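Trainee: I would like to go through this model term by term, and to ask for each label what value stands behind it.
Mentor: Then let us put the structure before us and begin.

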Amino acid sequence: MEEIINQKPCAVQKIETSQGFSVSYKEHILYSKYNPGKNIITLVEKLQLLPGTLILCCSPLLGYGMAELLQKLPENCLAILCEAEQTLYDFSETEGCLKTTDGRVLKIPPEKLSELPIEIYNLAKCGLYKRVIRLDFSAGIQFNSDFYNRLFSACSDSLMTFWKNRITLTKFGRRYSKNLFENLHYLTKTKPVTDFFGNIDKPIIVFGAGESTQDLINRLLGRYSPYNGKLPFYILCADTALQPLLKNGIRPDGVFIEEAQSVIMKAFIGTLKASDKTRVFAGLSSLPNLVHKAGVENTSFFFTEYAEGSFFDSLKKKSFMPPANLPFGSVGLTAVYYALKFRKSEEVPVYIAGLDFSYRAGLTHTKGALAHILRLIQANRIAPPENYAAAYGLGTEKIFGKKGHLVITTPTLKSYAGMFQSYFSGTKNLFDAGESGIDLGLPKVNIDSLVTDTHCNEGEVKEAEDNSNSFEKEISDFLTGERCALEELRNLLTGKTGLKGNELLSEIEKLAAPREYLYLHFADGCQYSSSQSFLNRIRTEIDFFLKIL
């Protein structure tokens, strides 16, 4: 199939054979010169397709096999034509091979292929597409084989990410929305997180709960002796890293919390008091009990966009809302994101440790973290404190981490590491101070290289402009508006209005569709539906949220 022929470099030529046309390009024949369409047609005929499949049709060229593919496509399937070689794409366009009016075919030009994973994520929002497969239609893929491999992997990851998010929302979406409404009541009494933006001009350290946290703590204790004075850093940490830091005499300046479940409260036993100097940076969808424990005056809220929709778009535009950030999945990434916003300029260094996204056999977290403490509590002669089961569980794998050491990771942790690299790799003056875990693509530093400046401020932030009264009224008006809308929707759903038929359904949709929090946690809640089953479940949710509002 890859025979060398004599022709002008980079020219595309059609070659007539006894059973159709072949193509030559860059001294290679891209189809068989005996029966050009046989291989791909045979492959398509043997293909077993399931509903909800996206097919990446790589280098379709003359379109052999497309008719057969479209003929056997089940419902809710799309064929996506992908040609990375501009010359071959132009050739196919000139020959008219990519022209189709079939709505099941999506054509992507070469310059748009890098955006295809995002497009697939958006396509998945309808809830119809479940998987991605790849079909190579010609030998044209050889000119960009690495690109096609990365494209297929990125598209598969994008679709998988959507469904992982959907599973999370199905399980926790209702709780996220409940916490959001409850935390809005505290918003005006807390210091805005924006007061910290561009305000910290001393070096920042961000701690996660990975094994490398203890390594850095030991080195800091040896060099700075924090028991005798405050460390010359502004220290932030993820929720489960708070206890290990405190047990070593290091009180962080801020702790980030996004967990919506009460299990996280165990990580704060004996740590948060209203008089403590550790500020709590909490997501609006995090557990409201944490505000009671830390005190509203010691809390600052940010908003993690746990779902998309009209309601959340309109909510973000409200003047009382804190800044929004993407759902990183890992609170450690959120802490790094805001640490970069807190620093006064890009010249202020930010160091990270404990964001390992991996572990070694027996120990999954740093010593003193909640997971480690629970293992110690539950240990007996039969069950040792070492957690070896986590190293050999389903889906775990060994990879080479920093300094060539073998580490154990999982698909979820590995995706967090990939997300970290995608968002933060190349960020100026962001350094990795951890000695274990997955390589995150950041410059490495050791304790002797940490830049400190004793003349920097101590992390004090400017006083917030007093908007509490106006914001309090605005929040009250917003919650009152939501309550009235839900009561009206309940009347429509229970037949207490005189509306019927399409007019009734139209009014219900006007109120229910833009309030995604009512149904985003349904298994079929990707989008609003006017089916009776869907409306019955919305009716139940109305009572739940009215109690909160």
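Trainee: Why are Lys510 and Glu507 said to be separated by about one helical turn?
Mentor: This is a predicted model, and in it Lys510 and Glu507 are three residues apart in helix α14 (residues 501-512), which means that about one helical turn lies between them.

Trainee: What makes the pairing of Lys510 and Glu507 a salt bridge?
Mentor: The rule asks for a side-chain nitrogen of Lys or Arg within 4 Å of a carboxyl oxygen of Asp or Glu, and the side chains of Lys510 and Glu507 meet at 3.4 Å, N to O, so the pair satisfies that rule.

Trainee: Why is Lys510 called exposed, and what is Glu507 called?
Mentor: Exposed means over 50% relative accessible area, and buried means under 20%. Lys510 has 55% relative accessibility and therefore counts as exposed, whereas Glu507, with a relative accessible area of 26%, falls in between and is partly exposed.

Trainee: Which residues are joined into one network by salt bridges that share partners?
Mentor: Glu305, Asp313 and Lys316 are joined in that way.

Trainee: How do you know that Asp313 and Lys316 form a salt bridge?
Mentor: Their closest N and O atoms are 3.9 Å apart, and since the cut-off is within 4 Å, the pair is counted as a salt bridge. Both residues lie in helix α9 (residues 310-316), three residues apart, about one turn of the helix.

Trainee: What makes Asp313 and Lys316 partly exposed?
Mentor: The label covers what is neither under 20% nor over 50%; Asp313 has 40% relative accessibility and so counts as partly exposed, and Lys316, at 31%, counts as partly exposed too. As for its place in the fold, the C-alpha atom of Asp313 is separated by 9.8 Å from that of Pro514, although these residues are 201 residues apart along the chain.

Trainee: Why does the pair of Asp477 and Lys473 count as a salt bridge?
Mentor: Their side chains meet at 2.9 Å, N to O, which is within the 4 Å limit, so the pair counts as a salt bridge. Asp477 and Lys473 are four residues apart in helix α13 (residues 468-493), and therefore separated by about one helical turn. Asp477, at 43% relative accessibility, counts as partly exposed, while Lys473, with a relative accessible area of 55%, is exposed.

Trainee: How many salt bridges does this rule give?
Mentor: The count comes to 22 salt bridges.

Trainee: Why are α5 and α15 called roughly parallel?
Mentor: The axes of helix α5 (residues 145-184) and helix α15 (residues 532-548) come within 9 Å and cross at roughly 30°. Angles under 35 degrees count as roughly parallel, and α5 and α15 are therefore roughly parallel to each other. Their crossing is right-handed.

Trainee: Which residues make the contact of α5 and α15?
Mentor: Arg174, Ser177, Lys178, Phe181 and Glu182 of α5 make the contact with Glu541, Phe544, Phe545 and Ile548 of α15, and these residues divide into four nonpolar, one polar and four charged.

Trainee: What makes Ser358 a buried residue?
Mentor: Ser358 has 5% relative accessibility, and since buried means under 20%, Ser358 counts as buried. Ser358 is found in the loop between β14 (350-353) and α11 (370-378), and when residues up to four places away in sequence are not counted, Ser358 touches Val407, Ile408, Thr409, Leu413, Gly437 and Ile438.

Trainee: Why is Pro60 called buried?
Mentor: Its relative accessible area is 2%, which is under 20%, so Pro60 is buried. Pro60 has its place in the loop between β4 (53-58) and α2 (66-72), and, leaving aside neighbours within four places in sequence, Pro60 is in contact with Tyr31, Leu81, Cys82, Glu83, Leu98 and Phe137. Pro60 and Ile141 are 81 residues apart in sequence, yet 9.4 Å apart in space, C-alpha to C-alpha.

Trainee: How many helices and strands does the chain have, and what part of the residues is buried?
Mentor: The chain has 15 helices and 17 strands, and buried residues make up 49% of its 549 residues. Of the contacts in the chain with a separation of 6 or more, 70% are between residues 24 or more positions apart.

Definitions and conventions:
Residues numbered from 1 in each chain as written. Predicted model: local features only at pLDDT ≥ 70, side-chain atom pairs only at ≥ 80, totals over all residues. Heavy atoms only, no water. Axes fitted to C-alpha atoms, helices over the stretch in contact; angles between N-to-C directions. Helix = DSSP H or I, 4+ residues; strand = E, 2+ residues; numbered from the N terminus. Parallel < 35°, antiparallel > 145°, perpendicular 65-115°, else oblique. Left-handed = near helix turned anticlockwise from the far one by under 90°. Contact = heavy atoms within 4.5 Å. Nonpolar A, V, L, I, M, F, W, Y, C, P; charged D, E, K, R; others polar. Buried < 20%, exposed > 50% of the residue type's maximum accessible area, 1.4 Å probe, protein only.
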